[in-house]
Amino acid sequence: MNVTLQNLTKKFPSRSKKGADVVAVDDFSFEIPDGKLIGLLGPSGCGKSTTLNLLSGLLKPTSGRIFFGEDDVTQLPPENRGVGLVFQNYALYPHLTVRQNITFPLENRKGKDRLTRRQREDMALEAAKLVQIEALMDRKPKELSGGQQQRVAIARALVKMPRILLLDEPLSNLDARLRLQTREEIRRIQRETGITTVFVTHDQEEAMSISDQIVVMKDGLVQQTGAPQAVYDDPKNLFVAKFLGTPPINVFDGQVQNGRLYIGSEAVLEVPGVSDQAVTAAVRPEGFILSDTGALTCRLSGVEVLGRDISVVSTHERCQNAAIRSIIPSQCQVGGPAVRFDLKPGKVFLFDAAGNRLF
Ligand code: ADP
Ligand code: MG
């Protein structure tokens with residue numbers, strides 16, 4: 001089922017008497033396609049959880065509307081929306097077994113929706129199988145690892161066969177290896193069930209790796225939406241360019257003159273169509289080509305071995321990053337003290353003083 005967010009705004013009253021309202025979500029419009037996984041991405045405090053809670057019904061918007069398919073659910077309480085929710089802290093009932101935790105959302109169904117105990121347990125087993133914890137049904141939460149607990153929480157969210165699944169930083173409490181494994185699992189489950197899913201994270205790599213589409217937010221405002229690769233390859237503004245990618249993008253103070261980008265005194269790239277002005281030039285780590293006659297001269301600080309590639313670490317007085325990281329095939333020879341690069345045009349983005357894309 002596709003989900004439509006229409007001009008959604010959520011304001012919280014200021015904590016001090018005279019202060020301005022906090023606009024946690026600012027005029028958010030987006031259509032989540034049926035059966036897709038959307039990664040809602042941005043730094044802490046940008047409005048991700050508020051957006052998710054508006055979708056779940058735990059919060060009511062100040063203005064704007066939400067549709068599940070054709071249904072306007074804006075005024076519908078959470079229990080009538082058919083959403084499955086998973087939070088960062090698993091919030092399992094400690095005194096209940098895994099089975100009882102998973103069946104819990106099914107207990108209070110009344111009238112024609114009432115389920116027998118047998119039906120509830122069958123449904124719980126189905127959900128448990130999806131997340132591969134069917135062998136742990138009689139355990140209590142404290143007898144499970146963090147990863148297993150989070151799977152129980154996911155099974156509990158799935159057992160109702162929700163219309164949409166909402167996950168708020170579900171992997172944050174897991175160690176690095178489990179985080180990777182569980183995110184792949186979430187992706188698999190999402191594909192298998194075809195449930196429209198919103199996955200909230202501040203971790204760009206996590207969002208990029210599992211989402212069909214990402215929504216990048218900052219200060220309550222949507223910055224850019226699109227397929228992960230498309231947003232990475234074509235960021236609309238400096239914030240998005242800097243937020244996506246590891247190692248991070250390399251940001252230089254530059255100048256455009258007669259259709260050429262200058263960094264310091266060196267002309268490093270043809271940038272036809274850009275008028276003469278001071279610019280911020282951002283270069284992806286894979287946008288550097290090592291060359292003895294390269295246009296951009298940096299000071300070599302070291303080389304980090306990554307296996308297939310190496311990361312050449314260097315500095316430049318016009319670079320805003322403490323160190324420039326460029327990803328180079330490992331067969332290249334690097335010697336100091338200077339290292340020279342040519343730049344790949346598609347990997348260099350220019351921004352004006354306000355951070356908007358020029359090139
Ligand atoms: P995120 O999940 O992206 O970290 P949140 O959606 O939790 O961000 O918060 C967005 C902004 O709204 C923050 O500035 C936060 O302090 C504020 N905020 C969130 N919930 C409340 C609330 N109940 N009352 C007042 N301000 C809130
Ligand atoms: Mg949050």
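## Contacts to ligand 1

In this predicted model, a polar side-chain atom of Thr50 lies 2.5 Å from an oxygen atom of ligand 1. Another oxygen contact of ligand 1 involves the main chain of the protein, where a backbone N or O atom of Cys46 is placed 3.2 Å from an oxygen atom of the ligand. A nitrogen atom of ligand 1 is also engaged, with a polar side-chain atom of Arg15 at a distance of 3.4 Å. Taken alone, ligand 1 exposes 560 Å², and the protein buries 66% of that area.

## The shell around ligand 1

The elements that contribute two or more residues to the shell around ligand 1 are strand E2, residues 22-32, and helix H1, residues 48-56. Helix H1 provides the largest share of this shell, namely three residues. Among the residues around the ligand are Phe12, Arg15, Val22 and Ala24, together with the run Pro43, Ser44, Gly45, Cys46, Gly47, Lys48, Ser49 and Thr50. Sorted by class, the shell comprises five nonpolar, five polar and two charged residues.

## Enclosed cavities

A search of the whole structure finds two cavities of 30 Å³ or more. The largest cavity holds about 50 Å³ of space, and its lining is made up of Leu5, Phe28, Phe30, Ile32, Ile38, Leu40, Thr51, Leu55, Val198 and Val215. At least two residues of this lining come from each of E2, strand E3 (37-41) and H1, with E2 giving the most, three residues. Strand E2 and helix H1 thus appear both in the lining of the largest cavity and in the shell around ligand 1. The lining of the largest cavity consists of nine nonpolar residues and one polar residue, with no charged residues.

The second largest cavity contains about 30 Å³ of space and is lined by Ile154, Leu165, Leu167, Ile186, Ile189 and Gln190. Strand E7, spanning 164-168, and helix H5, spanning 176-193, each supply at least two of these lining residues, and H5 gives the most, with three. By class, the lining of the second largest cavity has five nonpolar residues, one polar residue and no charged ones.

## The largest pocket

The largest pocket has a volume of about 600 Å³. Its lining comprises 23 residues, of which Glu79, Val83, Leu85, Pro105 and Lys160 lie nearest its centre. Strand E6 (83-86) and helix H4 (146-158) are the elements that give two or more residues to this lining. Charged residues are represented in the lining of the largest pocket, which divides into 14 nonpolar, four polar and five charged residues.

## Gln204 in helix H6

Gln204 belongs to helix H6, which covers residues 204-210. With a relative accessible area of 10%, Gln204 counts as buried, because that value falls under the 20% cut-off. A polar atom of the Gln204 side chain lies 2.9 Å from the backbone nitrogen of Gly245, so the buried Gln204 has a polar contact, that is, a pair of N or O atoms within 3.5 Å, with the main chain of Gly245.

Definitions and conventions: Residues numbered from 1 in each chain as written. Chains lettered and ligands numbered in written order. Predicted model: local features only at pLDDT ≥ 70, side-chain atom pairs only at ≥ 80, totals over all residues. Heavy atoms only, no water. Near = heavy atom within 4 Å. Polar contact = N/O pair within 3.5 Å; in protein donor to acceptor, adjacent residues only side chain to side chain. Areas by Shrake-Rupley, 256 points an atom, 1.4 Å probe, with all protein chains shown as cover. Helix = DSSP H or I, 4+ residues; strand = E, 2+ residues; numbered from the N terminus. Nonpolar A, V, L, I, M, F, W, Y, C, P; charged D, E, K, R; others polar. 1 Å grid on protein atoms, 1.4 Å probe; cavity = no way out; pocket = protein on both sides within 12 Å on 5 of 7 lines; lining within 4 Å. Points joined across faces, edges and corners; volume = space filled by probe spheres on them. Buried < 20%, exposed > 50% of the residue type's maximum accessible area, 1.4 Å probe, protein only.
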